[in-house]
Amino acid sequence: KKFFFHFIQCILVSVLCNDPDMFEVPVNVPVDTVKLRIEKTVIRKIPTESFYYLVDLKYLWLTYNSVANIDTSSFYNLKQLHELRLDGNLLSSFPWESLAEMPNLRTLDLHNNKVTSIPAEAGKYLRNLTYLDISSNKLTSLPSDLMDIWLPFSEIASPRNTDSIAQRIILGLQDNPWYCDCRISKLIELSKIVDTVVVLLDPFVACSGPESLAGITFQRAELEQCLKPSVMTSATKITSPLGSNVLLRCDATGYPTPQLTWVRSDNIPVNYTGICSHKGRNALLTGISYKDAGDYRCKAKNLAGMSEKDGGVSLGPATAAVQTVSVKNLRVIPETDERVTLMWKTVNASSNSPLTVLYSKYGEKDMLPLSTDPTKNKVTIDGLEPSTQYMACVCPKGIPPTKDQCIIFSTDGVRMEDDFQVSILLVASGVACAVVLPLIFFLLYKVLMLHRKPKSTREADLAKETYVKFETLSLKPRSVGTGGELWENDHILVSYTGPFSFVKHVHHTQQH
């Protein structure tokens, strides 16, 4: 009864899709599906999150279709997937990082595709696999370190350690055009070991090149001694004064002769002068500055593999004399569109307090140094681009510049300054004209009106404005009741019309 129930359950959760006209991944698959087989269709692409809702899926077979493209997130959320088969498709590459979405995956079958290479980065995603079939592809080589993802080479070759391994690792490598050189030397040596935890599906894997080894099986192939590089640096830390030259020594052994390169720890290429030695290559850093401080790594690579080792360059502390120097009043004096002069003042400076002048286009990281005369507080920058913003800094040598030691300027400052001065003159002239001209016109108008005014009008005005008043005594007596004979006043109005002309007007009440 238990067996029957299990059989019925398996039928319910297994889905097979093999319609030869199907060109898309089906979306109506039951959510409780455990095994999904999509075979012999014309599906060419596996879209993103095609199986997102199949959280119970353990077996996914996409075999003998026309799949040529798989997205990095095509297998997202398949946490329970144990087996993934993609054999018989048209894949030229595989998104190895997608394996991170399938932590329980143990079987990956990619045989009978068109895969041409496997990157070294794929190793970290293959650690959980116990079955990997990459046979019948177009692989000529494998990363030299790929075999180390399961066990170090010495442990793989040791039979006594196989008892501690719960499960063997099975590799399918046959039917590829392998080029037998140091890059697959570990794989060739592995095929010669009888008792090992790594088993080849076909032990008679053969070489396709070079010509001397074409058709020879791995088990019979004899290579020249291949030795993975071993790197040795002269010191882990180097302290050197600013502005000096530093020699980074790196020696390496290996066969074939390793190729050495220096890089920073942040993978920025190092601008250095290479100096050959009998074992390797040294790097000469000239005129180091504060930007050169940091960790450096020497990489050695040959056909047998790659190794690297860190070296270091740290800059020594600046002297007290340099640290006390301060730069003040930094300014730019424009000369032409392609040349400016920087001027500044220094405080607590002495003859042994060198300064560094740096400049670059505004926004750029790398600043160019300028040589300066310690006795002068100015420097001219030539070769600038017109109408471009720049930033310049003046700081004690060996000390990063601060904000107040830098200035931003534009190379169109000369033209702007001249136009500004002309604009000021024009504005001032306009204001002066607006104020003075009306006053001048008003004064001219007043003078003209005075000259054109008629004489008669002036005399009439004077006649209206000048008077002399006289009083005369009247002999008219008042009534007796007034207490005696009294005199009565009469008024005479005299109008002055000139130096010797009078007009008389007499008003009287009786004859005088």
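**Reading the labels in a predicted model**

Q: Why is D181 called buried?
A: D181 has a relative accessible area of 12%, and a residue counts as buried under 20%, as exposed over 50% and as partly exposed in between, with a 1.4 Å probe and protein chains only; D181 is therefore on the buried side of the cut-off. This is a predicted model, in which local features need pLDDT of at least 70 and side-chain atom pairs count only at pLDDT 80 or more, while totals for chains, interfaces and linings use all residues. Residues are numbered from 1 along each chain as its sequence is written, and side-chain values use heavy atoms, with hydrogens and water left out.

Q: What makes the pair D181 and R183 a salt bridge?
A: The closest N and O atoms of D181 and R183 are 2.7 Å apart, and the term requires a side-chain nitrogen of Lys or Arg within 4 Å of a carboxyl oxygen of Asp or Glu, so the pair qualifies. The partner R183 has a relative accessible area of 34% and is therefore partly exposed.

Q: Which residues are joined into one network by salt bridges that share partners?
A: The network is made of E83, R85 and D109.

Q: How do you know that D109 and R85 tie together separate parts of the chain?
A: Their closest N and O atoms are 3.0 Å apart, which makes the pair a salt bridge. D109 belongs to strand β7 and R85 to strand β6 (residues 83–85), so the bridge links parts that are 24 residues apart in sequence. Strands are DSSP runs of E with at least two residues, and helices are runs of H or I with at least four, numbered from the N terminus. D109 itself, at 3% relative accessibility, counts as buried.

Q: What makes R37 partly exposed while its salt-bridge partner E39 is buried?
A: The relative accessible area of R37 is 27%, so R37 is partly exposed, whereas the value for E39 is 13%, so E39 is buried. The closest N and O atoms of this pair are 2.9 Å apart, and theirs is one of the 10 salt bridges in the structure.

Q: Which residues have the most contacts inside the largest nonpolar core?
A: They are F51, L60, F75, L84 and F94, in a core of 58 residues. The core is so called because it is a set of buried Ala, Val, Leu, Ile, Met, Phe, Trp, Tyr and Cys residues joined through side-chain atoms within 4.5 Å. Two or more residues come from each of β1 (14–17), β2 (35–38), β9 (169–172), α3 (185–191) and β10, and α3 gives the most, with three residues.

Q: Which residues does F94 touch?
A: With contact meaning heavy atoms within 4.5 Å, and leaving out residues up to four places away in sequence, F94 touches I70, F75, L84, L86, L99, L108 and L110.

Q: How do you know that Q405 is buried although its place is in a loop?
A: Q405 sits between β25 (389–396) and β26 (406–410), and its relative accessible area of 9% makes it buried. Beyond residues up to four places away in sequence, Q405 touches V327, L330, A392, C393, V394, C395, P396 and P400.

Q: What makes L439, F442 and L443 a nonpolar surface patch?
A: Patches are made of residues with over 30% relative accessible area and no salt bridge, with nonpolar side chains (Val, Leu, Ile, Met, Phe, Trp, Tyr) joined within 5 Å and like charges within 9 Å. The three residues make a patch of about 320 Å², an area from the Shrake-Rupley method with a 1.4 Å probe, for which only the protein chains shown count as cover of residues. F442 lies in helix α5 (residues 413–451).

Q: What is notable in the phi of N112 and S136?
A: Phi is near 60° for N112 and near 55° for S136, each a positive value in a residue other than glycine. N112 is found in the loop between β7 (107–109) and β8 (131–133) and, at 34% relative accessibility, counts as partly exposed; S136 is in the loop between β8 and α2 (153–156) and, with 24%, is also partly exposed.

Q: Where is P256, and what is the omega of the bond that joins it to Y255?
A: P256 is in the loop between β14 (250–255) and β15 (259–264), and the bond is a cis peptide bond with omega about -5°.
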